[in-house]
Amino acid sequence: MLLSKTPVSLYVHWPYCTFLCKFCAFAKARVPKHGIDHDRITNALLRELQTTLTPHRRDKQLRSIYFGGGTPSLARPKDIARIIEQAHALVPLALDAEITLESNPTLAEVSKMREFRAAGINRCSIGVQTLDDATLASMGRLHRGIDGLAAVDRARDVFPGRVTFDMIFGFAGQTLQRWENELETALDHADRHISVYQLTVEPGTPLSRDHLLRRVVLPEDDVQTQMYERAVEICALHGFRHYEVSSYAADADAESKHNRGYWLGQQYLGVGPSAHSRFVDPANGQRVRSVRIPDTKRWLQSCESMGHGTASETSVGGLEAMQEAVVLGLRMAEGIEDRRFRDVSGGRSLDRFLCMDRVRQLAEQGYLTWSQGPDSACLAPTERGLQVVDSILVDIIPDHCKWE
Amino acid sequence: MYMRLRPLAATNLLFNSGAKSSSKQLFRGANSSRRLYVTRAPENNKRGEIDISSYPPERIRNFSIIAHIDHGKSTLADRLLEHTGVITKSGKNKQVLDKLKVERERGITVKAQSASMFYEHKGDQYLMNLIDTPGHVDFSYEVSRSLAACQGTILLVDAAQGIQAQTVANFYLAFGEGLEVIPMLNKVDLPTAEPERAAQQIESAFEIESDKILHISAKTGLGVDQVLPAVIEKTPPPLGSVDKPFKALLFDTWYDTYVGVVCLMAIKDGSIKRGDRIVSSHSGTKYEVAEVGIMHPEQTPTTLLQVGQVGYIVCNMKSIAEAHVGDTFYKDRHPVEPLPGFVPAKSMVFAGVFPIDAGEFDSLNESIQKLTLNDSSVSVHKETSAALGQGWRLGFLGTLHMDVFRQRLEEEYDANVLITSPTVPYQIKFTDGTIKFIQTPADFPDTHTLQDFVESTMEPYVSATILFPEKYLGCMLELCTTHRGEIHNHTYIDETRVMLKCELPMAEIVTDFYDKLKSKSQGFASFDYEESGYKTSDLVKMEVLLNGEAVDALAAVMHKSMVVTAGRDIAKRLKEVIRRQLFDIIIQTSANGKIVARETVKQLRKNVTAKCYGGDITRKMKLLNRQKEGKKRMKKIGKVELPQEAFLSIMTKSQS
C-alpha cells in the first residue's frame with residue numbers, strides 16, 4: 001500500500017504541569033509533591049518508544065517529532081535528547097525533520113531554551129494564550145501577559161524563524177475591541193507562525209462546570225464570530241495567511257509540518273499517557289488507531305510491566321478512513337486533493353464518495369470550490385466555508401459508501 | 001365505551017373462579033364490623049353460576065353517583081362496596097373502580113365501571129347496582145346512556161368546595177333522564193367544610209330543599225350507613241315486566257383478550273340466559289350468548305339476568321366497533337321498539353398523530369390498533385404529511401379524551417408520538433347544497449373554490465357553564481369575550497358565587513381555554529359545556545411558509561379575526577426553534593394568499609471545531625456522527641431543516 005511508505009510523525013506526550021489551566025482537556029497531572037521522577041517518566045517513554053517504533057523500523061522515515069503535554073518544557077533537556085536520539089536510532093529522522101517542543105512562558109523554562117536546542121529541538125511553540133493578566137489569573141495560569149511576549153522574543157533569539165505561539169479568544173468579559181488590541185500587540189512580536197483558537201468549553205473541565213453554573217459568562221455567539229473574523233483580517237494585514245481553521249503562517253515553509261501530517265491523513269505514532277496513533281500495521285497492512293492509557297500513574301505501571309501503555313487498538317474501516325480524510329482535509333484552506341483521497345479509498349475518486357449534489361449547491365453558495373488542477377481534482381473550502389465547515393461536513397459526507 | 005383494562009376478568013372466566021373469590025371476600029366481609037349490613041350472595045350452582053332470579057324489580061335499585069372531579073365519588077363507591085362486603089375493608093381500596101392509571105392520576109373516571117351489591121334493608125334483600133358514570137364532559141353521551149340505565153342518582157357535592165360547573169351539567173343530564181336525585185354533602189367533617197353554604201347553593205341552583213340533604217364523609221365513613229337506605233327509599237324500582245319479550249340497553253363495553261367484547265346491559269323487559277340468541281337493533285347482527293353475570297366487582301356468572309337487573313353479557317362479539325353504547329338488544333325473532341336516545345359516537349376533536357421516528361410507524365400502528373380495540377369512539381384514518389411522513393388522523397370525543405389517549409399510548413405502549421394541534425370539525429356548505437366536514441386543514445377549500453363554490457363556512461359551538469367566586473367575574477367575562485364567546489347571562493347562586501352561561505366556538509376551547517380559566521381564577525373556576533350546533537363563521541386557512549414552501553403539518557383553519565395574532569405568534573415561535581442554517585430562512589404565515597407575519601432566521605456564520613486535540617480525531621468523528629443522526633430526525637421542507645421541537649413547540653405551547 002502506498003501509505004505504508006509515507007513518512008511518519010512522532011508525538012511524545014509529557015504529562016506534568018505545575019498548574020492546571022481551567023479550560024484544558026488534555027491528559028495532565030500536577031507535578032507530584034516530592035517532585036517529578038524524571039528518570040522514571042523518561043525510561044517509560046523510552047520503553048514505549050522502543051515497542052512502538054520497532055515494527056516500523058524498515059522503510060520508514062520520521063518527518064517530525066512533537067513534544068506536547070502537559071508541560072514538556074518542565075522536562076530535563078538531557079531527557080528530551082535521549083528520546084530524540086532513541087527515536088532516530090529506531091526510525092531515522094529526515095534531514096529536514098521538524099522537532100517541536102511546547103513551552104510555557106514562565107521564566108524558568110524560557111531560560112532552558114538553548115539547552116533544548118542543543119538537545120535537538122528546532123521549533124518552539126509557546127502557550128501565550130492571552131495577554132490579559134486578569135484572564136490569565138482566572139484561568140489558573142502563573143505568568144503575566146508581559147511574560148508571554150518576553151518568552152516569544154527570547155525564543156525567537158534561540159529558534160529564529162521557527163517560533164509559534166497560541167492565542168485564545170472568547171474569554172469571559174473579553175470585548176471585540178480588547179481582542180483586536182491583544183491580537184495586534186501579539187502579532188507585533190510574532191515570528192512566522194501563530195495559532196488562534198476560540199476558547200472551547202470542553203466537557204469535564206473546571207471551565208465547563210463554571211459555565212454550566214453560570215459562574216462565567218462567555219461572549220455571545222455573534223461576538224465570538226466577529227472575533228474569529230477579525231482575527232482572519234488582522235492576521236492577513238500582518239502578512240499571515242489563514243491556512244487552517246486555527247493556524248496562520250507567513251509562508252508555506254512556516255506551516256507546521258507535524259500538524260499538516262494530521263490534516264493530510266498521514267501516519268502518526270504517539271507515546272506517553274493518552275497519546276493517539278494512526279498508522280498502517282506493517283505486519284498486515286491494516287489501518288489502525290490506538291490510544292494510550294490517559295492516567296499517568298497507570299500508564300507508567302503498564303509501560304514498566306509490559307513495555308507499552310496502550311489502552312485500546314482499533315482497526316479503522318474504509319468508510320471511517322475516507323470520512324476522516326475529508327473531515328481533516330477540509331480544515332485546511334488548500335482542501336483535499338482527489339489523489340490523496342485515493343490513498344485511503346482504494347483508488348476510488350472523491351467525487352464518487354461525496355454527496356456531490358450538496359457539494360455543487362454549496363459551491364454555488366460560495367462555501368466550497370471543486371476544481372480540476374493539472375495533477376488532481378481538489379475540494380477546498382472558501383474562507384467563508386472554513387468558518388462553517390462543521391455544517392458543511394455533515395451535509396457532504398455520506399453515511400455509507402456506495403462501493404462497500 | 002372507551003378504555004378499560006380487564007386482566008382480572010379474563011382470569012376469572014378461564015378458571016371459573018369468580019364466584020369462589022367473591023364468596024371468599026364475602027366471608028372476610030362477614031367477619032368485619034360491618035357484618036350487620038352484609039348479606040350473603042345467593043348460592044352458586046355446579047357451573048359456579050349464582051342464581052339471582054329471586055330479585056324482582058321491586059327488590060332492585062339501579063343508581064349512580066354524579067359529582068365534580070375530586071368531590072369523592074370513587075371514595076364513596078369504595079365505602080359502599082366495603083359496606084356490603086363486595087370488597088374487603090383493608091384500607092387499600094383506593095378508588096377500586098378507577099382502574100386506569102390515568103384515572104387515578106387525574107382523579108377522573110374515563111370509563112364507567114359498575115358493581116352489584118347485595119344488601120338487607122328492613123328485613124328484605126335488595127340487589128343494588130351502582131352504575132358508575134364517566135366524570136368528564138367529553139363523555140357526556142356516555143354519561144347520559146349510563147344514567148338511562150338508572151332510576152336514581154346520588155348528587156355528591158364537596159361541602160368545602162360547593163357546587164361546580166360539572167355538578168350543574170350532570171344534574172341537568174340526570175334531571176333530563178327523569179332520575180330521582182338524592183343530594184348528599186361529602187367531606188362534612190373537614191375543617192374547611194361549609195355545609196350550610198353548600199346546601200344553600202344546591203337549593204338555589206337545583207331547587208332541592210336543604211333539609212333533605214344527607215351529610216356524610218366517605219373518607220371516614222361518617223353517615224355512609226344512611227346512604228343505601230336513602231337510595232332504597234327514594235329511588236323508584238326499575239319498570240318493566242319479566243313476561244314481556246327481552247329488551248336491554250347496552251350502556252358500556254370493554255374488550256377482553258380471551259372472550260372478545262363484554263357488554264354491560266340494563267335489562268328493561270324479560271330475561272336472558274346462556275345459549276339465547278340476541279340481536280342488535282342498530283346493526284341487525286345476531287349473537288349467541290355465551291355467559292351472563294353481574295359485576296361483583298369482577299365478572300361473576302349468574303344463571304340468568306332478568307328485568308330490572310344490570311349485568312354483563314358475553315356473546316361472541318369480536319370487535320368493539322360492533323358494540324354501540326345506547327343500542328337496544330332483543331331476542332332473535334322477537335323484535336322490540338328500540339329505546340330512545342341512541343346516537344352513534346361522533347368525533348369533535350381531530351388531531352394528526354405521527355411517530356417521532358419514522359422507523360416506529362409499524363409499532364405505533366400496532367399500539368393504536370390495540371388501544372382502539374377498547375375504545376371504538378376514536379376514529380382512525382391514515383394520513384400522510386409531507387413534513388411529518390406517514391401517520392394517522394384520529395378523531396376524539398374531546399380534548400380530555402385526546403389527552404387520555406396520548407397518555408395511554410405513551411405510558412402503556414411506550415410510544416413516542418407527535419400530536420398536531422387539535423382541530424374541530426368545521427363545515428363547508430357549497431352553493432350546490434352539499435356539506436363537507438373538514439377534519440384536517442388539508443381538506444379546507446382553496447381561495448378560488450371558496451370564492452366561487454362555497455356558500456358559507458361554519459364552525460361548531462358549545463354552550464358553556466362556568467362557576468366561580470364573584471371577584472373573578474371581570475376576568476371571566478373578558479376570557480369569554482377574547483375567545484369569541486357570547487355571554488348569555490350570569491346569576492349568583494349564593495352571596496359569593498356566580499354561574500356564567502355563554503356560547504363559545506368549540507375551536508376556542510380545544511387548546512388551552514381550560515388552563516387559562518384555571519390560572520385566571522387561581523383555580524377557583526370550574527367549567528363544563530355541551531355541544532350546541534353549528535354557526536356560520538368567517539373561516540380561513542392559515543399556512544406557514546418556509547422560504548416560500550408551505551408546511552402542511554403547521555397549517556390551521558381558524559376564524560378570520562385570529563389570523564394576525566396567531567400568525568405572528570407562530571412565526572415568532574418558529575424563529576426561536578429553527579437552527580441557523582447556511583442560508584437565511586424566511587418564515588411567513590399567510591391566509592387567503594396574503595402574508596400576515598414574517599420573521600427571518602439569519603444564516604449561520606460560524607460553526608467550526610477550533611482544535612482537534614493532539615491527533616484525537618475520534619471525538620470529532622463522534623460529533624459528526626451525532627450531527628448526522630440528528631439530521632436524520634429533522635424534517636426537510638424544501639432546503640430548510642425543521643427540528644421536531646419546531647412542531648412540538650407549535651403544537652404544545654399555547655398562544656400567548
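Author: Let's start in chain B, where strand β10 (residues 277-280) pairs with β11(B) in the antiparallel sense over 3 bridges. One facing pair to look for is B:I278 opposite B:Y287 in β11(B). Keep in mind that this is a predicted model.

Reader: What is the strand order of the open sheet of 8 strands in chain B?

Author: Walking across, you get β11-β10-β16-β7-β8-β15-β12-β13, with antiparallel pairing. Two strands of chain B sit at the edges, β11 (286-288) and β13 (299-301); each has a single partner strand, so one side of each has no neighbour in the sheet. On average, neighbouring strands here are turned by 40 degrees against each other, ignoring direction.

Reader: Now a helix. Is α6(B) largely enclosed or not, and why?

Author: To read that, count a residue as buried if 20 or more other C-beta atoms lie within 10 Å of its own. By that count 9 of the 12 residues of α6(B) are buried, so the rest of the structure largely encloses this helix. Among them are B:F171, B:L173 and B:A174. As for length, α6 (residues 165-176) of chain B reaches 17 Å from first C-alpha to last, close to the 16 Å expected. After α6(B) comes B:G178, with a positive phi near 75 degrees.

Reader: And how many residues does each chain put into the contact?

Author: Interface size is often given as the accessible area lost when the parts come together. Here we go by residues: 32 from chain A and 22 from chain B. On the side of chain A that touches chain B, α17(A) gives the largest share, 5 residues. By class, that side of chain A has 17 nonpolar, 11 polar and 4 charged residues.

Key. Residues are numbered from 1 along each chain as its sequence is written. Chains are lettered from A and ligands numbered from 1 in the order in which they are written. This is a predicted model: local features need pLDDT of at least 70, side-chain atom pairs count only at pLDDT 80 or more; totals for chains, interfaces and linings use all residues. Two strands pair if DSSP finds at least two bridges between them. Helices (H or I, at least four residues) and strands (E, at least two) are DSSP runs, numbered from the N terminus. Axes are lines fitted to C-alpha atoms, for helices over the stretch in contact, and angles run from 0 to 180 degrees between N-to-C directions. Two residues are in contact if their C-beta atoms, placed from the backbone, lie within 7 Å. Ala, Val, Leu, Ile, Met, Phe, Trp, Tyr, Cys and Pro count as nonpolar, Asp, Glu, Lys and Arg as charged, and the others, Gly among them, as polar. The expected span of a helix is 1.5 Å times one less than its number of residues.
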